[in-house]
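Subject: Handing over a structure

Dear colleague,

I am passing a structure on to you with this email, and I would ask you to look through it before you read my notes. What I found follows below.

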Amino acid sequence: MAFAIAASAAFLMYNKPHDNMWKMPAAYTLSASDLFQDYETDELKSNEKYLGQVLEVTGTISHINMEDETLTILLETANDMFAINCQLNGSEARAALNKMAGDRITIKGKCNGMLMDVVMNECIITS
C-alpha cells in the first residue's frame, strides 16, 4: 500500500506541468558574471538566496548546443572555465535557434544551483 502511494506521488511530481515562465516575475535580475561571482564566493548563501527562484540573467552567449528538444545556452562569466548553463525546451528552444555565440541576451528561468556551472532550467529568452 505504501509503495502504491509513493509510486503515485512520484508519477504526479514527474508529470507536473512546468510553470509558465512568461507569467512568472523574476525574484532577482542580475548579470551572468554577478550570479557566478555570488556562487563562487559563497555557494551555501547563494543557494539560500537563488535556489528554486526565477532569475532574469543578462550576459553574452559563449556556446549553444541543441540535443533532442533541449537547447543549452552558456552565458560567459568572469571565469573563463565556467558559465551560466541555461536549458530551453520545446518551442522556447526552437525559437532561440537563431541566436549565436557573441550575442548579448537576457534569459529568465529557475535556478538549480551550482554543479560546475550555475544551472538554470525552464528558461525563456526575454531579450
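Two strands are said to pair if DSSP finds at least two bridges between them. Please keep in mind throughout that this is a predicted model.

With that definition in hand, strand E6 (residues 118-125) is a good place to begin, and it is mostly covered, since seven of its eight residues are buried. Strand E5 (residues 104-114) is joined to E6 by five bridges, and the two run antiparallel. The link between E5 and E6 is a hairpin of three residues, and methionine 114 has valine 118 in E6 as its bridge partner. E6 also pairs with strand E4 (residues 83-89), this time in the parallel sense and over three bridges, and here cysteine 86 stands opposite methionine 120 of E6.

The next topic is the aromatic rings. A pair of aromatic rings is described by the distance of the centres and the angle of the planes. How many aromatic pairs does a search of the whole structure find? There are three, and one of them is formed by tyrosine 28 and tyrosine 50, which meet edge-to-face with 5.2 Å from centre to centre and 80 degrees between the planes. This pair links distant parts of the chain, because tyrosine 28 belongs to strand E1 (residues 28-31) and tyrosine 50 to helix H3 (residues 43-50), the two being 22 residues apart. Are these two tyrosines buried or exposed? Tyrosine 28 has 30% relative accessibility and so counts as partly exposed, whereas tyrosine 50 has 2% and therefore counts as buried, the cut-off for buried being under 20%. Ring pairs also bring in another tyrosine, as Tyr28, Tyr39 and Tyr50 are linked into a cluster.

Finally, I looked at charged side chains, where the count comes to one salt bridge. Arginine 94 forms this salt bridge with glutamate 69, and their closest N and O atoms are 2.6 Å apart. Again distant parts of the chain are linked, with arginine 94 in helix H4 (residues 90-95) and glutamate 69 in the loop between strand E2 (54-67) and strand E3 (70-76), 25 residues apart. Arginine 94, at 45% relative accessibility, counts as partly exposed, and glutamate 69, at 44%, counts as partly exposed too.

With best wishes

Definitions and conventions. Residues are numbered from 1 along each chain as its sequence is written. This is a predicted model: local features need pLDDT of at least 70, side-chain atom pairs count only at pLDDT 80 or more; totals for chains, interfaces and linings use all residues. Side-chain values use heavy atoms; hydrogens and water are left out. Rings of Phe, Tyr and Trp (its six-membered ring) pair if their centres lie within 6.5 Å; planes under 30 degrees apart count as stacked, over 60 as edge-to-face and the rest as tilted. Helices (H or I, at least four residues) and strands (E, at least two) are DSSP runs, numbered from the N terminus. Buried means under 20% relative accessible area, exposed over 50%, partly exposed in between (1.4 Å probe, protein chains only). A salt bridge is a side-chain nitrogen of Lys or Arg within 4 Å of a carboxyl oxygen of Asp or Glu.
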